[in-house]
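Please find below my notes on the model, set out as numbered points for discussion. They take up strand pairing, a loop residue, the salt bridges and the packing of two helices.

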Amino acid sequence: MTLTLILTRHAKSGWDDPLLSDHDRPLNARGQADAPKIGAWLKAKGYLPGQALVSSARRTQETWERLSPELGGAVPMTAVPALYHAEAGVILRQLRGATAPVVMVIGHNPGIGEFAHRIVEDPAPHPRFIDYPTCATLVAEFPGEDWATVDWWSGRVLEFVVPREL
């Protein structure tokens, strides 16, 4: 059996209101348009998560809210405060507690980009993989039956996409 990870950075957020905390920043118009594109792409490719772990920040929650209807079915989502600006090691610890064979994680840079580089054996052959822009999405496959056994450099890249390509 294999496990599949869908790793998405939140869509583009706005900086219009200087009184909002970073945690409470919403998506801007581009982010609102990009998130559904990623959801539709995932569905078209057959990458349908059975579980979603999403940072508690407003922009990650809004990314999920706009992306998930495109998947075509209800997916259990857990808001995970520990994923807010999480470092790579924290993301791995959260992933190790997942239970579905296909899991989506939505988080923030720089942690999500670092995590993406460390979790796969070889980087995605894409010029934007290095900086992991907003709404970038990695799909990676792992051998095994339990996320608790997943470790660094154990995944194989299946796909990597950024919204501008869709």
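1. Strand β1 is joined to strand β5 (residues 137-143) by seven bridges, and the two strands run antiparallel. Within this pairing Thr4 stands opposite Glu141 of β5. The coordinates come from a predicted model, and each point below should be read with that in mind.

2. β1 also pairs with strand β4 (residues 102-107), here in the parallel sense and over six bridges, with Leu5 taking Val103 of β4 as its bridge partner. How much of β1 is covered? The strand, which spans residues 2-9, has seven of its eight residues buried, so that, with under 20% relative accessible area as the criterion for burial, β1 can fairly be described as mostly covered.

3. Pro26 belongs to the loop between β1 and α1, the helix of residues 29-45. Once its neighbours within four places in sequence are set aside, Pro26 is in contact with Ser13, Gly14 and Leu20, and also with Arg58 and Glu62. For Glu62 the separation in sequence is 36 residues, while the C-alpha atoms of Pro26 and Glu62 are 7.2 Å apart in space.

4. The structure holds 10 salt bridges, and one of them is formed by the side chains of Arg25 and Asp22, with an N to O distance of 3.1 Å. Which of these two residues is buried, and which is partly exposed? Arg25 is buried, at a relative accessible area of 7%, whereas Asp22 is partly exposed, at 26%. Both residues belong to a network of salt bridges that also links Arg59.

5. A salt bridge within helix α1 is formed by Asp34 and Arg30, whose closest N and O atoms are 3.6 Å apart. Because the two residues are four positions apart in α1, about one helical turn separates them. Arg30 counts as partly exposed at 37% relative accessibility, while Asp34 is buried, with a relative accessible area of 8%.

6. A further salt bridge brings together the side chains of Glu159 and Lys45, at 3.4 Å from N to O. Since Glu159 lies in strand β6 (residues 156-161) and Lys45 in helix α1, this pair ties together parts that are 114 residues apart in sequence. Lys45 itself counts as partly exposed, its relative accessibility being 42%.

7. How do the axes of α1 and helix α2 (residues 58-67) cross? They come within 7 Å of each other and cross at roughly 50 degrees, and the two helices are therefore oblique to each other. The angle falls outside the ranges for roughly parallel (under 35 degrees) and roughly perpendicular (65 to 115) arrangements, and the crossing of α1 past α2 is right-handed.

8. The residues that meet between these two helices can be listed by side. From α1 they are Gln32, Ala35, Pro36, Ile38, Gly39 and Leu42, and from α2 they are Thr63, Arg66 and Leu67.

Methods
Residues numbered from 1 in each chain as written. Predicted model: local features only at pLDDT ≥ 70, side-chain atom pairs only at ≥ 80, totals over all residues. Heavy atoms only, no water. Buried < 20%, exposed > 50% of the residue type's maximum accessible area, 1.4 Å probe, protein only. Pairing = 2+ DSSP bridges. Contact = heavy atoms within 4.5 Å. Salt bridge = Lys/Arg side-chain N within 4 Å of Asp/Glu carboxyl O. Axes fitted to C-alpha atoms, helices over the stretch in contact; angles between N-to-C directions. Parallel < 35°, antiparallel > 145°, perpendicular 65-115°, else oblique. Left-handed = near helix turned anticlockwise from the far one by under 90°.
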